[in-house]
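Subject: Structure handover

Hi,

Here is the structure I said I would pass on to you. Have a look at it first, and then read my notes below.

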Amino acid sequence: MASTHITKKIKEIATCSICQNLMMNPVSITCGHSFCQMCLEQHLYRVPRSQGQNMFTCPLCHAPFDKNSFRANRHLESIIEVFEEMDQEQVCEAHGEQLQLFCEDDGQLICWLCERAPQHQGHTTELVEDVCQGYKEKLQKAAAKLNELHLECMNQKAFMATQITEWQDTIEIHRQKIISDFKNLHTFLHEEEKSFLWRLEKEEEKMLVKLRESKAKLEQKSDELEDHKVELEAKCQGSDQNLLQDVKGTLSRTSFVKLETSEAFPLVIQTVCDVAELYLDVKKILRRYQVSVTLDPNTAYPALTLSNDRRKVFNGCYQQNLTVSSRRFTVFPCVLGSEGFTSGRHYFEVHVGEGTNWDVGVCMENVMRGLGMKQEPELGFWAIQLCPENGYAALTSPRTALDLRERPVVVGIVLDYEAGTVSFYNMTTGSHIFTFPKASFSDILRPYFRICQRSPLFLPPCNE
């Protein structure tokens with residue numbers, strides 16, 4: 001029987017250098033090397049040709065060969081078949097004998113010489129054919145159990161696929177409903193817009209008719225007065241005889257000339273449409289996300305005084321003996337809200353009143369609070385400002401001036417964490433003030449306030 005060394009040598013010869021397995025349908029090329037037919041054909045598709053359309057290089061020695069030159073190696077194929085038969089008999093690597101015994105203790109196949117070796121002394125050994133059936137049944141049971149688990153896994157996989165489809169279908173239905181609802185709303189508002197514009201146009205035409213009629217009467221009266229004036233001037237410039245000719249009749253006719261006061265039409269538009277009041281209650285929509293905000297005394301600048309309920313703050317005298325805190329603002333008169341936001345949509349209001357110098361907005365938890373502090377988005381601040389010198393501005397970089405038609409008494413701040421937006425509203429009118437460009441929030445965000453003298457701030461409770 002062949003030795004282990006010879007067996008390994010045969011296996012090396014019969015191994016394809018491309019797939020590293022025993023060759024299947026071995027073919028030889030011009031240089032004498034052999035490969036699996038399929039491996040060689042796949043290799044030819046992946047490598048460039050050396051010359052012409054059919055010339056390639058050997059994967060081992062790189063010698064050129066023609067694609068049409070490789071031939072089936074029948075002798076090598078026969079050797080592989082013999083080797084596979086020998087391999088199926090499984091000989092002992094240590095002794096070259098057939099593995100006819102099974103060691104129960106070590107769970108491995110052994111030959112009769114292994115059984116006598118010291119490492120297997122006292123072990124339970126049996127003939128392969130005697131134990132094979134028992135282990136075959138155990139393997140079949142194990143396979144049956146795995147088959148059941150696989151079937152259950154496939155059922156769960158199918159159920160999950162159904163869940164995914166159902167969820168996507170549900171989302172799509174909801175998406176289409178939202179699109180449809182807003183489309184209907186857009187159509188309705190467009191029709192309402194046309195209706196109001198039509199009514200306004202009719203109101204304009206009706207008033208213009210009256211005004212133009214009044215203007216025409218005045219033009220007619222102006223011509224009449226001009227005629228009388230010319231007649232009188234002509235008499236005054238003529239001879240004495242001409243002046244006295246029918247002078248009493250002329251004076252009598254002149255005395256009857258009157259100028260009636262034109263009707264004063266009230267130029268008040270009757271077709272009034274407050275879109276926000278009629279169709280969109282902006283305040284009601286925003287307050288669905290309202291949260292109660294109070295002030296954090298441990299962050300307050302030493303000159304700031306907070307009310308007992310921590311909803312009102314004003315800039316007064318510098319306070320002594322304050323609790324030492326690394327969270328306290330030390331350069332600018334600022335204070336943060338106690339509440340931190342890491343997700344979701346949140347809205348809160350700030351009553352700025354008649355103050356003339358303030359900042360309101362949100363900032364990151366870890367912003368600088370001493371020297372070097374700059375209120376801009378790149379450093380974690382999203383706020384708007386009112387200052388005496390420059391008026392209203394958004395604290396972008398550089399600043400964005402805000403031209404507000406009406407002075408806000410209450411400012412509403414909307415934070416949409418996932419969307420990365422911070423928006424501001426004039427809650428006196430329900431109008432939009434400013435929205436910062438989309439950001440990517442990754443830290444805790446907290447309400448932020450800067451309070452200067454004579455500009456106290458008040459945080460109204462949610463129910464106000």
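The stretch from 201 to 235 is 100% helix and 0% strand, and its end C-alpha atoms lie 51 Å apart. An unreviewed UniProt entry gives residues 201–235 the feature "coiled-coil region". Bear in mind that this is a predicted model, so please read everything here as computed from that prediction.

There is a salt bridge in that part of the chain: the side chains of K202 and E205 meet at 3.8 Å, N to O. Why can these two reach each other along the helix? K202 and E205 are three residues apart in helix α5 (residues 128–237), so about one helical turn separates them. K202 is partly exposed, at a relative accessible area of 37%, and E205 is partly exposed too, at 36%.

**Other salt bridges**

The total count is 14 salt bridges. Two more of them are worth a look, as each one links distant parts of the chain.

- D416 and R345: their side chains meet in a salt bridge of 4.0 Å, N to O. D416 sits in strand β17 (residues 410–416) and R345 in strand β12 (residues 345–351), 71 residues apart. D416 has 19% relative accessibility and counts as buried, since the cut-off for buried is under 20%. R345 is partly exposed, with a relative accessible area of 40%.
- E354 and R407: here the side chains meet at 3.8 Å, N to O. E354 is in the loop between β12 and β13 (358–364), while R407 is in the loop between β16 and β17, and the two are 53 residues apart. E354 is exposed, with a relative accessible area of 60%, whereas R407 is partly exposed at 38%.

There is also a network: salt bridges that share partners join D296, R327, E365, R369 and R446.

**Helix α2 and the strands around it**

Next, go back towards the start of the chain. Which residues of helix α2 are buried? In α2 (residues 37–46) they are C39, L40, H43 and L44. These four cover an arc of only 135 degrees around the axis, which puts them on the same side of α2. M38 and Y45, on the other side of α2, are exposed.

What covers the buried residues of α2? The cover includes four strands: β1 (26–28), β2 (34–36), β3 (55–57) and β4 (64–66). As for how the helix is placed, α2 lies across β1 and β2 and runs at about 90 degrees to β2.

β1 and β2 also belong to an open sheet of three strands, in the order β2-β1-β5, with antiparallel pairing. β2 and β5 (71–72) stand at the edges with a single partner strand each, so one side of each has no neighbour in the sheet. The pairing of β1 with β5 is antiparallel and runs over two bridges. If you want a spot to zoom in on, V27 stands opposite A72 in β5.

**Some backbone oddities**

A few places in the backbone caught my eye. Most residues other than glycine have a negative phi, and most peptide bonds are trans.

Q20 has a positive phi of about 65 degrees although it is not a glycine. You will find Q20 in the loop between α1 (4–13) and β1, so that loop leads into the sheet described above, where β1 pairs with β5. Is Q20 buried or exposed? At 55% relative accessibility, Q20 counts as exposed.

R454 is another case: its phi is near 60 degrees, a positive value in a residue other than glycine. R454 is in the loop between β20 (445–451) and β21 (457–458). With 72% relative accessibility, R454 counts as exposed.

Where is there a cis peptide bond? The bond from S397 to P398 is cis, with omega near 0 degrees. P398 lies in the loop between β15 (391–394) and β16 (400–401).

That is what I have for now. Over to you!

Best wishes

Methods. Residues numbered from 1 in each chain as written. Predicted model: local features only at pLDDT ≥ 70, side-chain atom pairs only at ≥ 80, totals over all residues. Heavy atoms only, no water. Buried < 20%, exposed > 50% of the residue type's maximum accessible area, 1.4 Å probe, protein only. Arc of directions from axis to C-beta. Contact = heavy atoms within 4.5 Å. Pairing = 2+ DSSP bridges. Axes fitted to C-alpha atoms, helices over the stretch in contact; angles between N-to-C directions. UniProt positions renumbered as here; feature names shortened; annotations may be inferred.
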